[in-house]
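Thanks for coming. I have one structure to go through, and I will keep it short. Please look at the chain while I talk.

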Amino acid sequence: QRIALTVEESPDALVLTVSDDGSGGADLSLGAGLRGITERVAACGGLLTVRDGTPRGTVVEASLPSGMP
């Protein structure tokens, strides 16, 4: 029913986090959606992590290098 999006910036990285209150259990090895996002984030030199939320749901976090001096 709910989704949250946060964007945080530091001198080293831009971190985008999407979380929901669904059933959880997202799996990077299944389907092409999350795998495709993982590949795009990696192509920018970043890292995508997916984990179960607390107490439920899913959290997807993309950390991208900011390139700021």
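**Burial, fold and one hairpin**

Of the 69 residues in this chain, 19% are buried. Keep in mind that this is a predicted model.

On to the surface. The accessible area of the chain is about 4,900 Å², and carbon and sulfur atoms contribute 57% of that. As for charge, there are 9 negative side chains and 5 positive ones. The centres of those two sets sit 8 Å apart.

Now the secondary structure. The chain holds four strands and one helix. What pattern do they follow along the sequence? Reading along the sequence, you get β-β-α-β-β, which places the helix between two pairs of strands in sequence order.

For overall dimensions, the C-alpha trace spans about 40 × 25 × 15 Å along its principal axes. On contacts, take the pairs of residues at least 6 apart in sequence: 44% of those contacts join residues at least 24 apart.

The part I would like you to zoom in on is the hairpin of S3 and S4. Strand S3 covers residues 47–52 and strand S4 covers residues 58–65. In which sense do the two pair, and over how many bridges? The pairing is antiparallel, over six bridges. Where S3 and S4 face each other, Asp52 stands opposite Thr58 in S4.

Between the two strands of this hairpin there are five residues. One residue to pick out here is Gly57, which takes a positive phi near 100°.

That is what I have on this one.

How values were computed: Residues are numbered from 1 along each chain as its sequence is written. This is a predicted model: local features need pLDDT of at least 70, side-chain atom pairs count only at pLDDT 80 or more; totals for chains, interfaces and linings use all residues. Side-chain values use heavy atoms; hydrogens and water are left out. Buried means under 20% relative accessible area, exposed over 50%, partly exposed in between (1.4 Å probe, protein chains only). Contact means heavy atoms within 4.5 Å. Accessible areas come from the Shrake-Rupley method with a 1.4 Å probe; for residues, only the protein chains shown count as cover. Lys and Arg count as positive and Asp and Glu as negative; His and the chain ends are not counted. The place of a charge is taken as NZ of Lys, CZ of Arg, CG of Asp or CD of Glu. Two strands pair if DSSP finds at least two bridges between them.
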